[in-house]
Amino acid sequence: AASKIAKENKGEILFVSINADDEEHVRILEFFGMTAEDVPTFRIIKLEDEMLKYKPETNEITEETLRAFVDTFKAGKLKQHLLSQTPPEDWNKTPVWTLVSTIFDEVALD
């Protein structure tokens, strides 16, 4: 599935496949903000002043899901994926709240 879409986007997007079973590749997954438990999956990483990561809504790897993900990215409609911790159970029980990226917009911008 990826080969066809990679050819169609040659020169715009570089497709990389990583063998997650190889112990030496664990650091590559970490660089992309992933773990071996996350695979099989796919991401778009945009390298600029900082590394922007985009995560699909599904880990189903088909031509249709890859194409939709790439097309949405190219249209500028993907939301950046931010690595985040799970909020602690008592995140809002003290005068100083503990916010993480998964609940930041909901709480801070409400």
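**Group meeting: fold and aromatic pairs**

The protein has four helices and two strands; these are DSSP runs, helices being H or I with at least four residues and strands E with at least two, numbered from the N terminus. This is a predicted model: local features need pLDDT of at least 70, side-chain atom pairs count only at pLDDT 80 or more, and totals for chains, interfaces and linings use all residues. Residues are numbered from 1 along each chain as its sequence is written, and side-chain values use heavy atoms, with hydrogens and water left out.

From the N terminus, the order is α-α-β-β-α-α. The radius of gyration is 17 Å, well over the 13 Å that the globule rule gives for 110 residues, so the protein is more spread out than a compact globule. That radius is taken over C-alpha atoms, and the rule is 2.2 Å times the number of residues to the power 0.38. The C-alpha trace spans about 55 × 35 × 30 Å along its principal axes.

Now the rings. The whole structure holds four aromatic pairs (ring centres within 6.5 Å, six-membered ring for Trp; planes under 30 degrees apart are stacked, over 60 edge-to-face, the rest tilted). One of them is F31 with F32, edge-to-face, 5.3 Å centre to centre and 70° between the planes. Another is F42 with F69, also edge-to-face, at 5.3 Å and 75°.

What does that second pair tie together? F42 sits in the loop between helix 2 (26-31) and strand 1 (44-47), and F69 in helix 3 (residues 63-74), so the pair joins parts 27 residues apart in sequence.
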